[in-house]
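User: I would like a close look at a single part of this structure. Please pick one part and take me through it step by step, in plain terms.

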Amino acid sequence: MDVVANTVVVIRTISFSQSVDSFTLSYVGSTMRVAIVGAGVIGLSSAVCIQSEVPGAEVTIIAELTDVHTTSDGAAGFFHPGHISADNAADARQWLKDSAEHFWKLCYTEDAVDYGIFEMSGYAFSNTNWDVVEKMGHETVPDGELGVKNYRRLTDSELSKFSGGPWRCGAFKTTLITEPRIMMVQLNKQFLANNGSFLRQKLDSLADLVGQFDVVVNCSGLGARTLVGDKSVYPIRGQVARLNAPWLKHFYHVEHDIYMLPNRDAVVVGGCRQENNWSTELCDADREHFLKKNAELFPSIKRAPIVREWVGLRPGRPTVRLELEEMQFPGDKVLPVIHNYGHGGNGITLSWGCGRHVARIVQQLEQNK
Ligand SMILES: Cc1cc2nc3c(=O)[nH]c(=O)nc-3n(C[C@H](O)[C@H](O)[C@H](O)COP(=O)(O)OP(=O)(O)OC[C@H]3O[C@@H](n4cnc5c(N)ncnc54)[C@H](O)[C@@H]3O)c2cc1C
């Protein structure tokens with residue numbers, strides 16, 4: 001990890017699978033003051049998980065952008081773990097399991113409506129090979145752990161009936177949509193109801209928080225590139241169009257980021273995955289490409305009007321960073337920072353599992369006091 005602005009020294013870093021027993025935390029009074037940097041789905045989930053598992057903590061979210069201005073807000077919310085690096089595969093598997101357990105449980109409660117969670121069945125296709133299809137949210141961890149249901153390969157005869165092909169491989173399955181635009185409103189409400197507070201502010205450095213907070217949780221997404229100088233964080237540009245196509249009742253997901261994912265009020269049609277592209281402008285050529293590709297597969301979407309368009313930059317990183325780091329600032333001031341960023345195209349999917357792990361670290365730090 002880079003040293004930031006020559007003034008910060010990283011004393012030690014503890015990855016999640018290691019114990020945090022050796023960390024002692026000291027703070028004045030009986031209340032642990034926790035700052036969460038970032039109000040995307042990762043920051044909000046971490047905040048609510050901490051409030052639930054460390055009830056005495058006083059939690060403040062500090063963020064430059066909130067609500068509809070975050071990347072999280074525009075995502076489709078497909079419960080779809082893809083591109084999970086093997087480097088922290090054990091941790092990632094646990095995050096996925098915890099997220100799956102939480103979301104599936106919520107899905108069958110009355111509150112599912114408030115969280116924008118619902119079951120969704122549909123198709124995954126590939127023209128390459130079975131590996132591609134099976135990695136499309138299914139085989140990364142066994143489907144039993146992810147709660148994926150009804151998974152079966154489509155026969156050649158079934159495949160031949162879908163247009164846009166010929167398709168070499170395809171599968172049918174049932175998974176979840178966790179629609180972030182709805183879920184984040186609910187997480188916000190939950191956070192405020194638990195006495196959380198918000199501070200709208202852009203931080204130039206975590207040093208600004210020294211002395212004001214006992215623990216910082218860094219959920220700054222792509223912002224981590226400048227905030228903590230992590231140059232392995234990079235943008236992965238995505239563009240989507242939301243279509244009014246209430247007749248489309250299944251998801252369709254094709255390799256190379258072509259998809260149609262029904263949300264509550266619109267179908268999210270995408271997309272693209274452009275690494276190191278910082279542009280947040282809509283691109284006509286991208287739209288034309290993904291609408292054409294999707295219409296080949298499901299021609300009636302040609303009749304569906306576009307109700308909204310959006311570009312988002314996924315916070316790419318070779319692996320998600322979820323670890324505790326002890327940072328030292330001038331004046332021998334030490335700040336424990338739990339990093340939770342770099343979720344790429346899986347942030348909604350991983351949000352709750354990562355939030356729970358952050359909360360467990362905070363809980364351990366409190367116990368070590
Ligand atoms: C087109 C598209 C479709 C997607 N679809 C899915 C999907 O179906 N399923 C899925 O799981 N994922 C999906 N994703 C990925 C998902 O959107 C991201 O992984 C997720 O939103 C990352 O959340 P985050 O909270 O880390 O980042 P963000 O939502 O970007 O939030 C970052 C927060 O940090 C704050 N911040 C940053 N720097 C600073 C600073 N210096 N000071 C103060 N505040 C700061 C920001 O203001 C913001 O509040 C999609 C992404 C795109 C672009």
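Analyst:
**The loop before α11 and the ligand site**

G344 has a relative accessibility of 18%, so this residue counts as buried, since the cut-off for buried is under 20%. The model is a predicted one. G344 sits in the loop between β16 and α11. Setting aside neighbours up to four places away in sequence, G344 is in contact with R314, P315 and G316.

The rest of this loop can be taken residue by residue. H343 is also found between β16 and α11, and with 5% relative accessibility it counts as buried. Apart from neighbours within four places in sequence, H343 touches I42, P315, V320, L350 and C354. P315 therefore appears in the contact list of H343 as well as in that of G344. G345 belongs to the loop too, which lies between β16 (333-341) and α11 (347-367). What does a relative accessibility of 45% make of G345? G345 counts as partly exposed. N346, another residue of the loop, is at 6% and so counts as buried.

The UniProt record is useful here. In an unreviewed entry, it gives the annotation "binding site" to T71, S72, G344, G345, N346, G347, I348 and T349. These positions span 279 residues in sequence, yet no two of their C-alpha atoms are more than 13.8 Å apart, so they gather at one spot. The UniProt record, again as an unreviewed entry, also lists Y259, R314 and G345 under "binding site".

Next comes the ligand. There are 34 residues around it, and among these L65, S72, F78, G344 and T349 come nearest. S72, G344 and T349 are also among the positions annotated as "binding site" in the record. By class, the shell around the ligand is made up of 15 nonpolar, 16 polar and three charged residues. β14 gives the most to this shell, with four residues.

Which backbone atoms come up to polar atoms of the ligand? In A39, a backbone N or O atom lies 2.9 Å from an oxygen atom of the ligand. In E64, a backbone N or O atom is 3.1 Å from a nitrogen atom of the ligand. In A76, a polar backbone atom is 3.4 Å from a nitrogen atom of the ligand. Taken alone, the ligand would expose 1000 Å², and the protein buries 94% of that area. Two or more residues of the shell come from each of these elements: α1 (41-53), α2 (71-74), β14 (306-316) and α11.

Y259 deserves its own paragraph, being one of the positions in the second UniProt list. Y259 lies in strand β11, which covers residues 258-262. Its relative accessibility is 10%, so Y259 counts as buried. Not counting residues up to four places away in sequence, Y259 touches V240, Y252, H253, V268, V269, G270, G271, N294 and R314. R314 thus links back to the loop, as it is also in contact with G344.

Two residues in the contact list of Y259, G270 and G271, are joined by a cis peptide bond, with omega at about 0°. G271 is in the loop between β12 (267-270) and β13 (274-275). Further along, N276 has a positive phi near 60°, although it is not a glycine. N276 lies in the loop between β13 and α10 (284-297). D257, found in the loop between β10 (251-254) and β11, likewise has a positive phi, here about 55°, without being a glycine. Why mention such values? Most residues other than glycine have a negative phi, and most peptide bonds are trans.

A few totals give the setting. The protein chain has 11 helices and 16 strands. Of its 369 residues, 56% count as buried. Among the contacts in the chain with a separation of 6 or more, 78% are between residues 24 or more positions apart. The accessible surface of the protein chain is about 16000 Å², and 49% of it belongs to carbon and sulfur atoms.

Terms used. Residues are numbered from 1 along each chain as its sequence is written. This is a predicted model: local features need pLDDT of at least 70, side-chain atom pairs count only at pLDDT 80 or more; totals for chains, interfaces and linings use all residues. Side-chain values use heavy atoms; hydrogens and water are left out. UniProt positions are given in the numbering used here, feature names are shortened, and annotations may be inferred rather than shown by experiment. Buried means under 20% relative accessible area, exposed over 50%, partly exposed in between (1.4 Å probe, protein chains only). Contact means heavy atoms within 4.5 Å. A residue is near a molecule or strand if one of its heavy atoms lies within 4 Å of it. A polar contact is a pair of N or O atoms within 3.5 Å; within protein, one must be able to donate a hydrogen and the other to accept it, and residues adjacent in sequence count only if both atoms are side-chain atoms. Accessible areas come from the Shrake-Rupley method with a 1.4 Å probe; for residues, only the protein chains shown count as cover. Ala, Val, Leu, Ile, Met, Phe, Trp, Tyr, Cys and Pro count as nonpolar, Asp, Glu, Lys and Arg as charged, and the others, Gly among them, as polar.
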